[in-house]
Amino acid sequence: MPYTAPVADFRFLFEHVVDLGQVTSQDRYADATADVIDAILTEAGRVCEEVIAPTRRAGDTDPARLENGVVRTSKGFKEAYAALAEGGWVAVAAGQEHGGMGLPQAMATAVNDMLSAANLSLQLCPLLTQGQIDALEAWGTEELNALYLPKLISGEWTGTMNLTEPQAGSDVGAARAKAEPNGDGSFAVSGQKIYISWGDHDVAENVCHLVLARLPDAAPGTKGLSLFMVPKYIPNEDGSLGPANDLRVVSLEEKLGLHGSPTAVMEYDGAKGWLVGEEHGGIKAMFTMMNNARLGVGAQGVGVADGAYQHALAYAQDRSQGKSKIEGATGSIVDHADVRRMLASMKADTFAARAIALACGVAIDMSRATGEAEWEARAQLLTPIAKAFGTETGIRVANEGVQVHGGMGFVEETGAAQFLRDVRVTAIYEGTNGIQAMDLVARKMMDGGEAAFALLDEIEAFAETARADMPDLAEPVWQATETLRETVEWLVATEDMNARFAGSMPFLMGFARVLGGYYHLRAAKADPEGSHARLARFYITRLLPEHTGLLAHARGGADDLYAITPDDLAA
């Protein structure tokens, strides 16, 4: 089924729901005029529909492979990536100094959303490069950036991040890779890294690895890690490619999904690298890339949700089975009540997750443009929610998409299962969703809940204004926000961190449910007689009430959880 880019949805969200106008009114983003935004969305949508989406199935049926030490990508990937690079789509938000478009992060998030729907396996490649660009812009030396940024931004070179090692999964501080000074300003990096997405390929001429490793005098744990730029080919001063570096792909992982994305085990054997950021400051520098990737991964979940929804809707509209008792039934299964429920849930949740991701992008943009602490706090608060809720939505919607197809959803020829298999890993990488939730209830509440309360005040103020003409929608949103406020108050008053952690994932999902209600309410207010109001009514009436159980779980503490012993679990 062909993919249709949701360009009109982004226009509506930017104008009426997340207020991109406050971003484009800032001097930093003055070039992002209404005409430019419309042109970018339209052309990105066209590229996704006509160039990227046709390669999605090939990524599943013709996986990336390692042949005699060379990684070959799926059929059509090289040409599709070239179109992305030539169109400037790799670096929508990168600075103009080195050739980027300099557009808002919210715009880059919209483009990543569409690319993910079209072909998630391929989209991973530019997403990682975007994160590397962010890290270099923040931490790279002038000389390093002058050499690497133009090539990364143009898409001639691509980027990766190398954190995980066989003995160290989410515990990055247990990494053992080492770096020895070469005496000329460079370092010899040695060690093995695993799960390196797009660790090698044939779509671009060079692969640039950001690698966490330890200097000889490094302290144990994360405080002893430094970050190094380690390219596949060592560039000459003019940017041309020099000799091959001392690194290799040991193997490619065989995965549940994302078969078109080469996930490599990388071996570094005294490979030449250059320091990024300060010595022993690698985690701080790497987190710049990871935070970029976390919002990007949230957008991946949203994009796949949209792709899976479109796929399921087309099937439901075409499939005839049984009879519906509603007046004017078409004869297709879209008229059956449970199928209609599934499709409405898929669409409503995708809208909510997309709005949260774009709102996070807007907060990042406002933070960069104004330097105001309040916007930085808003961006920090929304990032784990956007990542976790976006990916959980992608998984849930893709799963429902299989169900809408019935038995044919379990048959590979329909393509429904690929969405589910591909998106499943997004809840795991860039920090599992459980880690995102723990970050939300711990680090993000170190301000005593100030950033959260400011957002809740905004929601309640809007609900108050909406009560005048749509009280049946505004009142439930206001009440849900009060329940969330009480839960935040409980969290910040609870000193036992494990008690917070025990309900952290339900808290994050409950928070997202309330945010979804808020953004749906804003959409309904802007389109009171249209489809947005009807979808908002469905969400607020049927999905928003889930917040009650989720937030009750969040306030439950840890005692009953740990009363269940390991023996009980094994019984």
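This passage walks through some charged residues in a predicted model.

Salt bridges come first. The structure has 32 of them, and a good place to start is arginine 46, which pairs up with glutamate 43, their closest N and O atoms sitting 2.7 Å apart. Both residues belong to helix α3 (residues 34–52), and with 3 residues from one to the other they are about one helical turn apart. Arginine 46 also meets the side chain of glutamate 50 in a salt bridge, at 2.9 Å from N to O. Here the spacing is 4 residues within helix α3, again about one helical turn. Glutamate 43 is partly exposed, at 32% relative accessible area, and arginine 46 is partly exposed at 32%.

Another salt bridge links aspartate 457 and arginine 485, with 2.8 Å between the closest N and O atoms. Aspartate 457 sits in helix α14 (residues 450–466) and arginine 485 in helix α15 (residues 471–493), so this pair ties together parts that lie 28 residues apart in sequence. Aspartate 457 is partly exposed, with 42% relative accessibility, whereas arginine 485 is buried at 15%. Elsewhere, salt bridges with shared partners join Asp9, Asp113, Asp306 and Arg354 into one network.

Next comes the surface. Glu97, Glu137, Glu142 and Glu143 make up a negative patch there. One of these, glutamate 142, belongs to helix α8 (residues 142–154) and is exposed, with a relative accessible area of 68%.

Finally, aspartate 62 lies in the loop between α4 (56–61) and β1 (65–67) and is partly exposed at 26%. Beyond its neighbours within four places in sequence, aspartate 62 touches Ser74 and Lys75. Lysine 75 is 13 residues away along the chain, with 6.7 Å between the two C-alpha atoms.

Methods. Residues are numbered from 1 along each chain as its sequence is written. This is a predicted model: local features need pLDDT of at least 70, side-chain atom pairs count only at pLDDT 80 or more; totals for chains, interfaces and linings use all residues. Side-chain values use heavy atoms; hydrogens and water are left out. Patches are made of residues with over 30% relative accessible area and no salt bridge: like charges are joined within 9 Å, nonpolar side chains (Val, Leu, Ile, Met, Phe, Trp, Tyr) within 5 Å. Accessible areas come from the Shrake-Rupley method with a 1.4 Å probe; for residues, only the protein chains shown count as cover. A salt bridge is a side-chain nitrogen of Lys or Arg within 4 Å of a carboxyl oxygen of Asp or Glu. Lys and Arg count as positive and Asp and Glu as negative; His and the chain ends are not counted. The place of a charge is taken as NZ of Lys, CZ of Arg, CG of Asp or CD of Glu. Helices (H or I, at least four residues) and strands (E, at least two) are DSSP runs, numbered from the N terminus. Buried means under 20% relative accessible area, exposed over 50%, partly exposed in between (1.4 Å probe, protein chains only). Contact means heavy atoms within 4.5 Å.
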